[in-house]
Amino acid sequence: MVRTINNLLLTMHIVTKQITLLCLLFSCASAAISGQVAASHSLTVDAAESVAPIQPTMYGIFFEDINFAADGGLYAEMIKNRGFEFTLPKTGWLEPNSDRHSMNENSGMSDIVKVKDDPANQNYLRVTVKNPEGYHLLNEGFRGMGVREGDTYDLSFKAGTGKGDLSAVTFQLLTTDDEVIGETTVSLAGDGWQDYEATLEATATDPAARLRLTFDAPGTANLDMISLFPRDTWKGRNKGLRKDLVQLLYDLEPGFLRFPGGCIVEGRTLARRYQWKKTVGSIEERELLVNRWNTEFDHRLTPDYYQSFGLGFFEYFQLAEDLGAEPMPILSCGIACQFNTGELVPMEELDPYVQDALDLIEFANADTTTAWGKVRADMGHPEPFNMKYIGIGNEQWGPEYIERYKVFDEAIKAAYPDIVIISGSGPFPDGEYFDYGWEQLREMNAEIVDEHYYRSPEWFRENATRYDDYNREGPKVFAGEYAAQSVAIASPENKNNWNCALSEAAYMTGLERNADIVVMTSYAPLMAHADAWQWTPDMIWFDNLESYGTANYYVQKLYANHAGTDLHRVTEAGKPVTGQDGLYASVVSDAGRGEVYVKVANTSDAPRQLDITIKGKSLAAEGTAYTMSGTDMDAVNSFDEPMKVSPVESEVTLRKGKLTATLPAKAFAVYKLQVAK
Ligand code: AHR
């Protein structure tokens, strides 16, 4: 029997080999027929010399609450407008049969009650029920609620009863077809605010469920902070983050987490800037803010987009810690978004802004006897977060920025000389604002300058040498926001297609080759809700139940998972490989892991035969290739095909320190080689 199985396996092995051979012959033949002969390229790697260290921060994450990335996304709250604090306080809440709508005097209705003197809690809902059979309230969630069969959902709310017999509320999860798929009834203790908690078990899966509230008897009830979370969050934290989304971030092994944006830091007006102090402490005390992306683009209006700050600065620091990433908060420098109002805080009124920065460092790093260190400890993290970086301003430009930046720089360095400050060079990768910003920041001995480029795929392929001739004296570079735009910047037609991802992969060899000056990089934006986005392309797409990484995500992941610790020179005929014949290359090694990573992109239409000689390190004979390839440049990943454009793993063999491999047309590969023991 064993022999029969062995024979069978042997036959299968031979057949497989023959099929592989046939495939190889076929692909060679078809390449030859189509004129796609694999041109040979001999690359040489000097693995003995480390040209520069690769900073652990080299590949990181840029997080911004755009595209419902926080509320409705990473922050797992399922109720939209839980505290009735939106500008229209009943946004997200429906009352299909209210007296007000149906003029039916027998059902019931709700009213918003205003509370004075508490900016974070200005409203609550008063429900007046006349006929319990005829009245209910619904919350629509963030384009529905993602509910999964068998999962538990934690409900909490505040309530107090008033006149009448009303003494219980029933909460039901409803499918799109109004079928009940989870239910719990909570008895109310009487008047005066009380906190209540309950759970719902889902009996079916629905991507767009809603929560229905019904009442047991005529009477009144006051309701506030009605909240529903999946129990199964990242690390099982109560009222925590969506597990699948954090997992995608975790898998990137990011070197840093920049938060909370982006333009969201600046606000359209100064009053609407991001103020971190309003995002910490008890959830109920976090003052809601309209999201600046809500009506930014006429083509993607989302007037129901607010920031609850349930994902606030404490949670961002905690997330960075969970991811093993350096936290990198960015703060307002006293200028509102210059694409909007450009409102400026007068210089003599800048102090509170500067104080916000100093207090943030205290919040993150100081001991628990300090005022802000105590706030951190009270929130459950007495140990410091060890924050090393702080960003001042996002995409600001002109003398107004430099003038304000100087004040921050002096104050921060005086109090915390070890904190590294990130400054900005404006929204564009070249031009007047950019040149002026860099010149001024260089003069001031700025430490790290943030550059942004949202450009065409061609731009990315043509600019892989961008940093080769950068001035090495002075500030380092943070390539803080970049993404190839398949149509035009912020066009709603942009796609996360293979053309963009491959162009970014090619470009990133240039970032890596210049790791002595480029010390941080991040793709932007990070996330988008498929039914509620404003900006595309984005690295990760999700709906209320599912999520997937784009082709761009897998390029980032290949780089970040193989970031290495030391940069090595790779050349062809003595020159860096920067797009000649469509080939781009960079090489790093990882001292701790004892590995060498050779990254090669082929943007040409034909395969490339690579002979890569690695000098100065003795390598094991077998290595691994992670290859992304495909000639359909419009190919994208999707909910149905989440891995359509993703790396394929295969073995490679080295002979006498030489790696020979065929890189397909339109491909990006990372060759992982082991240093021999
Ligand atoms: O990533 C989207 C936006 O692009 C960011 O908020 C901003 O910094 C840039 O203009």
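Which residue of strand 20 stands opposite Tyr389? In this predicted model, the residue that faces Tyr389 across the pairing is Val420 in strand 20. Strand 20 belongs to an open sheet of eight strands whose pairing is parallel and whose order is 3-15-18-19-20-21-22-23. The points below begin with that sheet and its strands 19 and 20, and then turn to the aromatic rings, the charges over rings and the surroundings of the ligand.

**The open sheet**

- The eight strands are arranged in the order 3-15-18-19-20-21-22-23, and the edges are formed by strand 3 (61-62) and strand 23 (518-523), each of which pairs on one side only.
- Strand 18 (residues 326-331) runs parallel to strand 19 and is joined to strand 19 by two bridges; along this pairing Ile330 stands opposite Gly391, while Leu331 stands opposite Ile392.
- Strand 19 is in turn joined to strand 20 (residues 420-424) by three bridges, again with the two strands running parallel, and here Gly391 has Ile422 of strand 20 opposite.
- Between these two strands the chain passes from strand 19 through helix 8 (residues 399-415) to strand 20, in a β-α-β crossover that is right-handed.
- Strand 20 also pairs with strand 21 (residues 448-455), in the parallel sense and over three bridges, and in this pairing Ile422 stands opposite Ile448 of strand 21.

**Burial of strands 19 and 20**

- In a regular strand the side chains alternate between the two faces of the sheet.
- Strand 19 (residues 389-392) is covered on both faces, with Tyr389 and Gly391 buried on one side and Ile390 and Ile392 buried on the other.
- Strand 20 is mostly covered, since four of its five residues are buried.

**Aromatic pairs**

- A pair of aromatic rings is described by the distance of the centres and the angle of the planes.
- The structure holds 51 aromatic pairs, and one of them is the stacked pair of Trp397 and Tyr433, with 4.5 Å from centre to centre and 10° between the planes.
- Because Trp397 lies in the loop between strand 19 and helix 8, whereas Tyr433 lies in helix 9 (residues 432-443), this pair ties together parts that are 36 residues apart in sequence.
- Trp397 has a relative accessibility of 13% and therefore counts as buried, whereas Tyr433, at 33%, counts as partly exposed.
- Tyr559 and Phe668 form another stacked aromatic pair, for which the centres are 5.2 Å apart and the angle between the planes is 10°.
- Tyr559 is part of helix 12 (residues 551-561) and Phe668 is part of strand 35 (residues 667-674), so this pair connects parts that are 109 residues apart in sequence.
- Tyr559 is buried, with a relative accessible area of 0%, and Phe668 likewise counts as buried at 0% relative accessibility.
- Ring pairs also link a cluster of residues, which consists of Phe63, Phe259, Tyr274, Trp276, Phe309, Phe313, Phe314, Tyr316, Phe317, Phe363, Trp372 and Phe385.

**Charges over rings**

- The charged end of Arg292 sits over the ring of Trp293, at 4.5 Å from the centre of that ring.
- Arg300 lies over the face of Trp533, and here the distance to the ring centre is 3.8 Å.

**Around the ligand**

- The residues that surround the ligand are Glu64, Gly262, Cys263, Trp293, Asn394, Glu395, His452, Tyr454, Glu481, Pro525 and Trp535.
- Trp293 is thus named among the residues around the ligand, and the ring of Trp293 is also the one that lies beneath the charged end of Arg292.
- For Glu64, an N or O atom of the side chain is 2.5 Å from an oxygen atom of the ligand.
- For Tyr454, a side-chain N or O atom lies 2.7 Å from an oxygen atom of the ligand, and for Glu481 a polar side-chain atom lies 2.7 Å from a ligand oxygen atom.

Notes
Residues numbered from 1 in each chain as written. Predicted model: local features only at pLDDT ≥ 70, side-chain atom pairs only at ≥ 80, totals over all residues. Heavy atoms only, no water. Buried < 20%, exposed > 50% of the residue type's maximum accessible area, 1.4 Å probe, protein only. Pairing = 2+ DSSP bridges. Right-handed = clockwise from strand over helix to strand, strands pointing away. Phe/Tyr/Trp six-rings, centres within 6.5 Å; stacked < 30°, edge-to-face > 60°. Lys NZ or Arg CZ within 6 Å of the ring centre and 35° of its normal. Near = heavy atom within 4 Å. Polar contact = N/O pair within 3.5 Å; in protein donor to acceptor, adjacent residues only side chain to side chain.
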